[in-house]
Each structure stands twice: as structure tokens, then as C-alpha cells.
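Open your viewer, load the model, and keep the selection panel at hand. We will go from stop to stop, with something to select at each one.

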Amino acid sequence: MMDATVERAFHKLESNLEELTKIYRSLLDIVRKEKEILLKADREALDESNKLKEELLFKLRAQDSLRSRYAMELATLIGADVENPRLLELAQKLAGTPAADRLRTQPAALDILIKRIPEINKDNEEYTKSALLTLNGALNNIKEHAFRQENLRRQRPGKTRPTSRRQLRI
């Protein structure tokens, strides 16, 4: 059984970890939907997606700062490393309580989310780069074709294009 002060400190940390998990899940959802937006080439939706990502990243920074503070607070109360509190160490110090089990599982869920987001984001970035290279290649082909067509017209004898009004009036 935990002392009431330790229990309050634990609940603050636990609530914070749950909020972090929600934010990371939302960020993962946005990053997954981003590829669809890229495929549709919907600039407004992409701008909105980027704004949402920025907002979530701001919230993450704030929640992570709170997580650190709450972990230090709990570490102080239970005699763990205050300078660099680790959730697994806090769980070991709380061994035998339901809180210990929750502190062991929460980091694993966060870790999975934290690893998955950059992977999907990198895939989206590679898709975007590939699409831009394809688009640039197509534009260059169009320009090259138009340039060749113009050169062919200029080289054909007797088929000159009128260049002045006088030549047009025949």
C-alpha cells in the first residue's frame, strides 16, 4: 500500500503518461493520413495537417516537461534517482503495488508509438521526394519536346512562320 503523498505523485505522473500517449497516437494518426493527402495533392489539407502536427509537437514538449517534473517528484518521495528518474526504476521502487505494473507497461506503449511516427514520416518524405523528381522529370521532358519542335519548325525550308503583320496580309 502506498502512502497518500506517493499515491498523488504517482497519479499525476500516470495521468501525464496517458496524455502523452494520446498525443502520440494523434500524431501517428496524422502522419498516417498525410500520405493520402500527398496522393491527392491537396495543399489546403496538407497545410492543415502541418498545423496540427505543430500544435501536437508543442503539446508534447509541454507534457514531456511535466513528465520530467512529476517523475522527479515521485523519485524524491520513494528514494529513487532524482537527477535522472527512469520509469522502470520507479516501478522497481514501487514493487508489489498496482502502480508498479502500470509504470512498467506505459513506457513500452510510448516507445512503440515514438518509434513508429518517424518511420511513417520518413516514408512520406521519400514519397514526396520521389513525386517531385517524377514531376520535375515530366516538366523537363515537356520543355525539351517543345524546344525540339520549335527548332524543327525553324529548320524547315519554305515553311517559315510569319513574323510581321505585313507577312500575314499577303
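Is Glu 34 buried or exposed? Select Glu 34 and turn on the surface: this residue is buried, with a relative accessible area of 5%, where buried means under 20% relative accessible area, exposed over 50%, and partly exposed in between (1.4 Å probe, protein chains only).

Two notes before going further. This is a predicted model, in which local features need pLDDT of at least 70 and side-chain atom pairs count only at pLDDT 80 or more, while totals for chains, interfaces and linings use all residues. Residues are numbered from 1 along each chain as its sequence is written, and side-chain values use heavy atoms, with hydrogens and water left out.

**The whole chain**

Zoom out and switch to a cartoon. You should find five helices and zero strands, where helices (H or I, at least four residues) and strands (E, at least two) are DSSP runs numbered from the N terminus. Reading from the N terminus on, the elements run α-α-α-α-α.

Now turn the C-alpha trace along its principal axes: its span is about 105 × 25 × 25 Å. The chain has a radius of gyration of 30 Å, whereas a compact globule of 170 residues would have one near 15 Å; the radius is taken over C-alpha atoms, and the globule rule is 2.2 Å times the number of residues to the power 0.38.

Colour by accessibility next. Of the 170 residues in the chain, 26% are buried. The exposed area of the chain is about 12,500 Å², and carbon and sulfur atoms supply 53% of it; these areas come from the Shrake-Rupley method with a 1.4 Å probe, and for residues only the protein chains shown count as cover.

If you like contact maps, plot one here, with contact meaning heavy atoms within 4.5 Å. Among contacts between residues at least 6 apart in sequence, 63% join residues at least 24 apart.

**Back to Glu 34**

Select Glu 34 again, this time with its surroundings; its place is in helix α1. Not counting residues up to four places away in sequence, Glu 34 touches Leu 46, Ser 49, Asn 50, Lys 53, Asn 121 and Asn 124.

Pick Lys 53 from that group. Lys 53 and Glu 34 form a salt bridge, their closest N and O atoms being 2.9 Å apart; the term stands for a side-chain nitrogen of Lys or Arg within 4 Å of a carboxyl oxygen of Asp or Glu. Lys 53 lies in helix α2 (residues 43-78) and Glu 34 in helix α1, so the pair ties together parts that are 19 residues apart in sequence. Lys 53 counts as buried too, at 14% relative accessibility.

Then pick Ser 49, which is found in helix α2 and is buried, with a relative accessible area of 5%. Leaving out residues up to four places away in sequence, Ser 49 touches Ile 30, Glu 34 and Ile 37. For a sense of scale, draw a line from the C-alpha atom of Ser 49 to that of Leu 90: these two are 41 residues apart along the chain and separated by 37 Å.

**More charged pairs**

How many salt bridges are there by this rule? The count comes to ten. Select Arg 102 and Glu 14, whose side chains meet in one of them (2.4 Å, N to O). Arg 102 lies in helix α4 and Glu 14 in helix α1, so this pair ties together parts that are 88 residues apart in sequence. Arg 102 is partly exposed at 34%, but Glu 14 is buried at 13%.

Next, select Arg 116 and Glu 119, joined by a salt bridge (2.9 Å, N to O). The two are three residues apart in helix α4, separated by about one helical turn.

**A buried asparagine**

Go to Asn 16 in helix α1 (residues 4-40), buried at 3% relative accessibility. Beyond its neighbours within four places in sequence, Asn 16 is in contact with Gln 63, Leu 66, Arg 67 and Tyr 70. Show backbone atoms as well: the backbone nitrogen of Arg 67 lies 3.5 Å from a polar atom of the Asn 16 side chain.

**Last stop: the surface**

Finally, select Leu 132, Leu 135, Leu 139 and Ile 142, which make a nonpolar surface patch of about 380 Å². Within this group, Leu 139 sits in helix α4 (residues 98-155) and is partly exposed, with a relative accessible area of 42%. Patches are made of residues with over 30% relative accessible area and no salt bridge, with like charges joined within 9 Å and nonpolar side chains (Val, Leu, Ile, Met, Phe, Trp, Tyr) within 5 Å.

Notes
A polar contact is a pair of N or O atoms within 3.5 Å; within protein, one must be able to donate a hydrogen and the other to accept it, and residues adjacent in sequence count only if both atoms are side-chain atoms.
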